[in-house]
Amino acid sequence: MGRTNDSMLTEFVLVGLSAHPKLQTVFFALVLWMYLMILLGNGILISVIIYDSHLHTPMYFFLCNLSFLDICYTSSSVPLILDSFLTVRKRVSFSGCMVQMFLSFAMGATECVLLGMMALDRYVAICYPLRYPAIMRKGAYVPMAAGSWVSGLVDSVVQTSLAMQLPFCANNVINHFVCEILAILKLACADIAINVISMAVSNLVVLVIPLLVISISYIFIIATILRIPSTEGKCKAFSTCSAHSTVVIIFYGTIFFMYANPKSKSSVGPVNQDVVEALISLLYGVMTPMLNPLIYSLRNKDVKTAVKTMLGRKNSDGV
């Protein structure tokens, strides 16, 4: 099944949590609820930023990109994840699998770079507040955001193209919810050394370098905050840094666990491996996009004020 007369693979089979039917029901309800929260939270945030001219600043421009990115990322994978919970063995065409893998990888890589750009923005805002308007002008922050998207798309094109050139033998069963690149590489019946090297370079460009930028930026940010004379100002700044660093740890931690070593084998037994991968996928693919609006913006006074203003005007218009 899933092969033509010339032995070319035509489809993959997604196993997911088919061996754990009770967990499938729980995960379906949980992931569906989280996906709806992602659409609602990020959708509100994008609308508020576009609606309120006071939020037309570099920081909120990046946040708007991040929210749109989270919607795109989850929409490229969550519908397939939900479908896999309802189907014992979900079949996906080869081309459909490659498209989904390309979109998910592109959005994930873009978010890595974008988080680094956001750290640079906060570094300039806190460490050089008087020069911030001149440095982070539109001619600077728009190319920074565009560069994040381009780098993620280019990286995904390279990784997906290399994966598509691999020959796949008798096994077309993917032990995952979606067409995840490492799960695909495990099915190849040829040497994947080039793919591993390419993934290592990708790790350096979209993982290590942005993480270094974030780390160095926060070192200078913390040093600057410590020099703030006001205790209230210090607490507010540290609270913002703490929230951002939490998201960075969750986001980068799960990515490094999955992608840092493509040839690594799970230390857990085969029975528990699917559950472990499910939890990691849930944390990486759904949890972080759901938390981003809360951590970055919905707790922000400017955003709260903008939401109240927008709702107030809609109510008055309705009356």
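This passage walks through the overall make-up of the chain and then turns to one pair of packed helices.

The structure shown here is a predicted model. Its protein chain contains ten helices and three strands. Followed along the sequence, these elements come in the order β-α-α-β-α-α-α-β-α-α-α-α-α. The chain has 319 residues, and 48% of them count as buried. Contacts often reach across the sequence: among those between residues at least 6 apart, 81% join residues at least 24 apart. The accessible surface of the chain amounts to about 15900 Å², and carbon and sulfur atoms account for 69% of that area.

A helpful place to look next is the pairing of helix 3 with helix 5. Two packed helices are described by the angle between their axes and by the distance between those axes. Helix 3 spans residues 94–127 and helix 5 spans residues 138–164. The two pack at an angle of about 145°, and their axes lie 7 Å apart. The crossing of helix 3 and helix 5 is right-handed. Sorted by class, the residues in this contact comprise 18 nonpolar, seven polar and one charged.

Within helix 5, Asp 155 offers a closer view. The relative accessibility of Asp 155 is 10%, so this residue counts as buried, the cut-off being under 20%. Leaving aside residues up to four places away in sequence, Asp 155 touches Phe 105, Ala 109, Ser 202 and Val 206. Of these partners, Phe 105 and Ala 109 fall within the span of helix 3, residues 94–127.

Notes. Residues are numbered from 1 along each chain as its sequence is written. This is a predicted model: local features need pLDDT of at least 70, side-chain atom pairs count only at pLDDT 80 or more; totals for chains, interfaces and linings use all residues. Side-chain values use heavy atoms; hydrogens and water are left out. Axes are lines fitted to C-alpha atoms, for helices over the stretch in contact, and angles run from 0 to 180 degrees between N-to-C directions. Helices (H or I, at least four residues) and strands (E, at least two) are DSSP runs, numbered from the N terminus. A crossing is left-handed if the near helix is turned anticlockwise from the far one by less than a right angle, and right-handed if clockwise. Ala, Val, Leu, Ile, Met, Phe, Trp, Tyr, Cys and Pro count as nonpolar, Asp, Glu, Lys and Arg as charged, and the others, Gly among them, as polar. Buried means under 20% relative accessible area, exposed over 50%, partly exposed in between (1.4 Å probe, protein chains only). Contact means heavy atoms within 4.5 Å. Accessible areas come from the Shrake-Rupley method with a 1.4 Å probe; for residues, only the protein chains shown count as cover.
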